[in-house]
Amino acid sequence: MLHMHIPNAVCFFFAADAVTSVIIPYFYGSCKCDDQERMIKMSVQPLIAYGLKKGLFPAEDAVYYENLITAMYGFDAPDALIAALPPLEEAPSLGALLEAYTVPALEKGLVPEDTVTQRDLFAAKLMGMLTPPPSRVNAVFDGLYAEDPQKATEWFYALCCANGYIQEERIAKDVKWDTPTAYGDLHITINLSKPEKDPKAIAAAAKAKSVSYPACQLCVENVGYAGRLDHPARQNLRIVPFVSAGEQWGLQYSPYAYYSQHCIALHTEHTPMKIDRKCFAQLLDFVKAFPHYFIGSNADLPIVGGSILSHAHFQGGLDCFPMTQAPVICPVVIPGFEDVTCGIVDWPMSVLRICGEECERLVALADAVLQAWRQYSDPAMKIF
Ligand SMILES: [Zn+2]
């Protein structure tokens, strides 16, 4: 199913019909569960116990990570780091753990200033250290994908939550509700999760030397990047590869999700967004690869389009938007495409829904509509 939303901007949504949710255990690779339990009990360092419990690493790596973290603080033994942590409740949240681990980091000068930006840079560094390297993530993902694509994304999503890349605790602060309208329920979200930039951090970033690496926040070069005052730290970012329309793409999650499993599909090259025939094929290839997810694209236009037009990307996830649920108000037949079911959707903006069995036919029709729309103008209505 493809929705074309015209004419002020072009938005495209592809959706699989069924949206389901499954929860699976996501222990990292093959762990010996007895070992895992024993290490969780033995481990005195709360972040190591957390990593083991969440399956970020297997029991055999626990001592190794404990020593890495201890060395990062410049302590000679883990006990010294533990003694420097403030008291924690039993089974603390990741947010509480990171807060606690920042206390000695501030004292030791690892966090040079007590600002949200500096704290976030440090948290990503710490969690990046505990996150499996990209090759390992890809191997586990591929293994699960061979069984079931949804198992693979559930595991990957859980990993990105457990390592703090997805800011679950901050996202929980968002205010969300549905309100009924003539066109179905309108989903409203007041975004309270993304921290405001600290004025001190803004001033410091202005003084810092300008760096143009990575080229943008969607480039694959962000994986493992330490960040700086004007660029977020991405040591805990992982991107899994997939092929779309014969080109290399990557899948990652959004740290500040707007909806369930909000993911970003991005081109592995820093190439501009372009809505064209190939783009339709890429969108369809995504839903073929991940049939439980929907995918959509912003327009490749400023103001009404996406915020990062310099890098080809789409957004998707495990959700079903009201536009997808809205009924067709007026069926139409497009000459030459009698085999494709078309209709105008009951929606406050112009939306054409096209449904068909063959991807090539959907791509061809979507392209025909795009060409017609690009040539269309109605000066009286200020449409150019
Ligand atoms: Zn880029």
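Where along the chain does lysine 382 lie? Select it to find out: lysine 382 belongs to the segment after helix 13 (359-375). Keep in mind throughout that this is a predicted model.

**Stop 1: the end of the chain**

With lysine 382 still selected, check its backbone torsions. Its phi is near 60 degrees, a positive value in a residue other than glycine. Colour by accessibility and lysine 382 shows up as exposed, at 70% relative accessibility.

**Stop 2: the whole chain**

Now zoom out and switch to a cartoon. The protein chain has 13 helices and 12 strands. It contains 384 residues, and 45% of them count as buried. If you draw a contact map, consider the contacts with a separation of 6 or more: 59% of these come from residues 24 or more positions apart. Turn on the surface next. The accessible area of the protein chain is about 19200 Å², and carbon and sulfur atoms supply 57% of that.

**Stop 3: the zinc ion**

Select the zinc ion and show its protein donors. You should find Cys216 (SG), Cys219 (SG), His270 (ND1) and His311 (ND1), at 2.1 to 2.3 Å from the metal. Along the sequence, these donor residues follow the spacing C-x2-C-x50-H-x40-H.

What is the arrangement of the 4 donor atoms? Take the angles at the zinc ion: they run from 101 to 123 degrees, so the arrangement is tetrahedral. For reference, four tetrahedral donors would ideally sit at 109.5 degrees. While you are here, note that cysteine 216 and cysteine 219 are both buried.

**Stop 4: a cis peptide bond**

Move to tyrosine 213 and proline 214. The peptide bond from the tyrosine to the proline is cis, with omega near -15 degrees. Proline 214 sits in the loop between helix 10 (199-207) and strand 5 (240-244).

Follow that loop to aspartate 230, which is found between helix 10 and strand 5 as well. Aspartate 230 is partly exposed, with a relative accessible area of 41%. Add alanine 205 to the selection and draw a distance between the two C-alpha atoms: they are separated by 5.6 Å, although the residues are 25 apart along the chain.

**Stop 5: the other cysteines**

Select the cysteine sulfurs and look for bonds between them. How many disulfides are there? The count comes to 0. Take cysteine 160 as a case: the closest cysteine sulfur to its own is in cysteine 161, 7.3 Å away, which is too far for a bond when a disulfide requires sulfurs within 2.5 Å. Cysteine 160 is buried, with 1% relative accessible area. Cysteine 355 is in no disulfide either, since the nearest cysteine sulfur, in cysteine 342, lies 8.3 Å off. By accessibility, cysteine 355 is partly exposed, at 25%.

**Stop 6: aromatic rings**

Show the aromatic side chains. The structure holds 19 aromatic pairs. Start with tyrosine 73 and phenylalanine 75: their ring centres are 6.2 Å apart and their planes meet at 25 degrees, so this pair counts as stacked. Tyrosine 73 is buried, with 2% relative accessible area, and phenylalanine 75 also counts as buried, at 19%.

Then jump to tyrosine 259 and phenylalanine 321. Is this pair stacked or edge-to-face? The ring planes lie at 80 degrees with centres 5.2 Å apart, so the pair is edge-to-face. Tyrosine 259 comes from the loop between strand 6 (247-253) and strand 7 (263-267), and phenylalanine 321 from the loop between strand 9 (313-317) and helix 12 (322-325), so the pair ties together parts that are 62 residues apart in sequence. Tyrosine 259 is buried at 13% relative accessibility, whereas phenylalanine 321 is partly exposed at 22%.

For a wider view, select Phe141, Tyr145, Phe156, Tyr157, Phe242, Tyr253, Phe286, Phe290 and Tyr293 together. Ring pairs link Phe141, Tyr145, Phe156, Tyr157, Phe242, Tyr253, Phe286, Phe290 and Tyr293 into a cluster.

**Last stop: glutamine 261**

Return to the loop between strand 6 and strand 7 and pick out glutamine 261. Its phi is positive, about 50 degrees, although glutamine 261 is not a glycine. Is glutamine 261 buried or exposed? At 5% relative accessibility, glutamine 261 counts as buried.

Technical notes
Residues numbered from 1 in each chain as written. Heavy atoms only, no water. Donors = N, O, S within 2.8 Å, 3.2 Å for Na, K, Ca; no water. Tetrahedral: all angles 85-135°; square planar, octahedral: opposite > 155°, others 65-115°. Buried < 20%, exposed > 50% of the residue type's maximum accessible area, 1.4 Å probe, protein only. Helix = DSSP H or I, 4+ residues; strand = E, 2+ residues; numbered from the N terminus. Contact = heavy atoms within 4.5 Å. Areas by Shrake-Rupley, 256 points an atom, 1.4 Å probe, with all protein chains shown as cover. Phe/Tyr/Trp six-rings, centres within 6.5 Å; stacked < 30°, edge-to-face > 60°.
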